[in-house]
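The following report looks at one helix and at a set of charged side-chain pairs. Please keep the coordinates open while reading.

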Amino acid sequence: RRYPVEVEHLTLPDDRPLPRQVQNAVGKALARERAGHVLVFLPGVGEIGTCLDACAPLLDAQAVLGLPLYGELSLEAQHQAVRPSPGRKVIFATNVAESSVTIDGVTAVIDTGTARVAGYDAWSGLSTLRLRPISKASAEQRTGRAGRTQPGHCWRLYTQHDFEVRPAFDKPEVERLDLAEAVLTAARLGYAAPALPWLTAPPGVALEAAQELLVRLGALTSTFQITELGKELAALPAHPRQARLLLEAARTGLVHEGALLAALLAERDIRSERGPARESGPSDLLALAEAIDQGQVDRNPEGTWRALGLMPAAAHAVVRGAQQLERAVARRSRPSCNQGSPTQQLQKAILAGYPDRVAHRRSGTDAKRPEYVLASGGAATLSDRSVVWGAEWLVAVAAEVRTERGQSSARVNLASAIEPDWLLDVDSGDLKDENLLEWNVRLKRVEAVTRLSYGRLMLSESTTLAEPSVATSVLLAKHALAAGVGAFADPEKLDDWRARIALLRVVAPELQFPEVDDAFLRTALTAMCEGCHAFRELEEISLLGFLNQRLTREQRVAMDRWLPHEMTLSNGRRLKVVYDGQGGARLGSYLQDFFGCASAPALAEGRLPLTLELWAPNRRPVQVTRDLGSFWHNHYPALRQELMRKYPRHDWPEDPIRARPALPGGRKRRD
């Protein structure tokens, strides 16, 4: 029978810290209900501790006993919270008190409305523990705890609107937990898990993650068919990971030790909140197993385990589970040759069960709380309670992702050290030996990289200069084209070369010069990369030299002869020819340099008349013309008078055609 329970919601959301909210609600409950116990639902052990501390003065003042209640609590402490007592109690509990245990005499419930929900991240392969609002069904279940023996009262520390918008029910475990065991069971029965008519269909990504894990463990083939090893794993009363660990240990004759490790993994963390100071060791699991064995040989195992920082009730559960597993595997295992120390063999067995949880210490992190990069991606910090704080490489046996206030962080709670060489013998498909060509940005060259990696972790890497090959040339050309043709030729000289080619296409079409556009230059640069591996080689070859080699011999001769870089005037003066890229060529110099020349010179066997730029002594043009004879006759006389006034020290003859060229700069000759 259920008695009526009055439910009271907050009018407005309470922004105060949770301990303050709970302290206020506990005060109301004790004042309103003069008899009976108060049950406070909290999301986790950490919140239980802080709320107990916050409420301690209030409880002491009213002679009320405050007690915690959660799954990892010792059996004695759980009994103290659950069993009837003459005095009033305030029990601070996780959702273990929602349906797993019944506490008689509760007349008041305080519901914080949240819980830490276990889940599984299929992408990272890590378990998750996220703070979530509870569903309506869970809220009603919690409320009902106050009406078991008499009418009661429930204070919900959230608003009525908050309650109304919550989902009706919690997600079933098949939608949020690891499915490896279920998939292996289905495979043993001859069914492909994705094709099963599930009552509640699990997420496709979770099914894929479970199948990939079983392939890594050797339980399924690459086509997801069960193997002989998979049948052995499925026959054991353990998760495939723990079963794989157990069989690997049994293979080396360490059945008892392997069973104890597998049983430890089947339980939640059996360490108490307060334990002895940690010491450095090869494995948290081996340290716990040693503590379990030590308690078993002592007359007072509970006292020994408690002194070693273990919860006695949980330790007893591990011993019972280990005995069951040891009996199950002893009938199946055939020990092979045991190579290496027992400790190393057990470390390797742990690796066999968790091949996807390999992690490498990130350089530069705190030695006392190092950060590790996981083979599956992401990073995690090592728990302060771990003994493997000095390890460079480890297996993150028990790791969880916590999300609070929108921030996610992964923490490794149990770890086991490994040697990177052991990964070479792990047949999980994570080991990759790659030979790659990579671009060295600093040295600007193609390098051959040999890389051995495990998942996303680097085991070894060596770099050498790449050998000439098609792939090397392609990669070099990619980066050469990105740098641009100007990186391998003097831009001014390249523009000059292109302008000369453009002129020759016009004045000598019969020679069939190519059209030198951007596509032509990129094609030439790509071809120049053949047989090379570095920018330095391309610079030594010279793009202009390479372009000239792509012309025929006849074209090269015509280019040098018809469009030279310099030409000698009839008066012996040598001047530089400038090709402007606009279809013309010009000579520029002092006006006196052209004394003695009756007409403007021409190139390409007279096909290309030159444009003359005639300078005054200050190097400023006074005339631009292609008809030098007309300039002397029509414009020079008037210009001569003006120049004589400005530059009297220079020679300005009346008949420039018969005059001798002036000295450099146009100065008068003394003779």
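What span should the 14 residues of helix α12 (residues 284–297) have at 1.5 Å a residue, and how far apart are its end C-alpha atoms? In this predicted model, the expected span of α12 is 20 Å, and the end C-alpha atoms are 20 Å apart, which agrees. At the start of this helix, a side-chain oxygen of Ser283 reaches to within 3.2 Å of the backbone nitrogen of Leu285. Leu285 itself belongs to the buried residues of α12, which are Asp284, Leu285, Leu286, Leu288, Ala289, Ala291, Ile292 and Gly295.

**Salt bridges**

A search of the whole structure finds 23 salt bridges, and three of the pairs are set out here with the separation of their N and O atoms.

| Pair | N to O distance |
|---|---|
| Lys231 and Glu228 | 3.4 Å |
| Arg362 and Glu371 | 2.3 Å |
| Arg411 and Glu400 | 3.7 Å |

The pair Lys231 and Glu228 lies in helix α9 (residues 228–235), where the two residues are separated by about one helical turn because they are three residues apart. Lys231 has a relative accessibility of 41% and therefore counts as partly exposed, whereas Glu228, at 57%, counts as exposed, the cut-off for that class being over 50%.

In the salt bridge between Glu371 and Arg362, where the side chains meet at 2.3 Å from N to O, both partners fall in the intermediate class: Glu371 is partly exposed with a relative accessible area of 24%, and Arg362 counts as partly exposed at 37% relative accessibility.

The salt bridge between Glu400 and Arg411, whose closest N and O atoms are 3.7 Å apart, links distant parts of the chain, since Glu400 sits in strand β12 (residues 393–404) and Arg411 in strand β13 (residues 407–417), eleven residues apart. Is Glu400 buried or exposed? With a relative accessibility of 12%, Glu400 counts as buried, because the class takes in residues under 20% relative accessible area. Its partner Arg411, in contrast, has a relative accessible area of 30% and is partly exposed.

Beyond these pairs, there is also a case that involves three residues: Arg244, Glu248 and Arg251 are linked in a network of salt bridges.

Key: Residues numbered from 1 in each chain as written. Predicted model: local features only at pLDDT ≥ 70, side-chain atom pairs only at ≥ 80, totals over all residues. Heavy atoms only, no water. Helix = DSSP H or I, 4+ residues; strand = E, 2+ residues; numbered from the N terminus. Expected span 1.5 Å × (residues − 1). Buried < 20%, exposed > 50% of the residue type's maximum accessible area, 1.4 Å probe, protein only. Polar contact = N/O pair within 3.5 Å; in protein donor to acceptor, adjacent residues only side chain to side chain. Salt bridge = Lys/Arg side-chain N within 4 Å of Asp/Glu carboxyl O.
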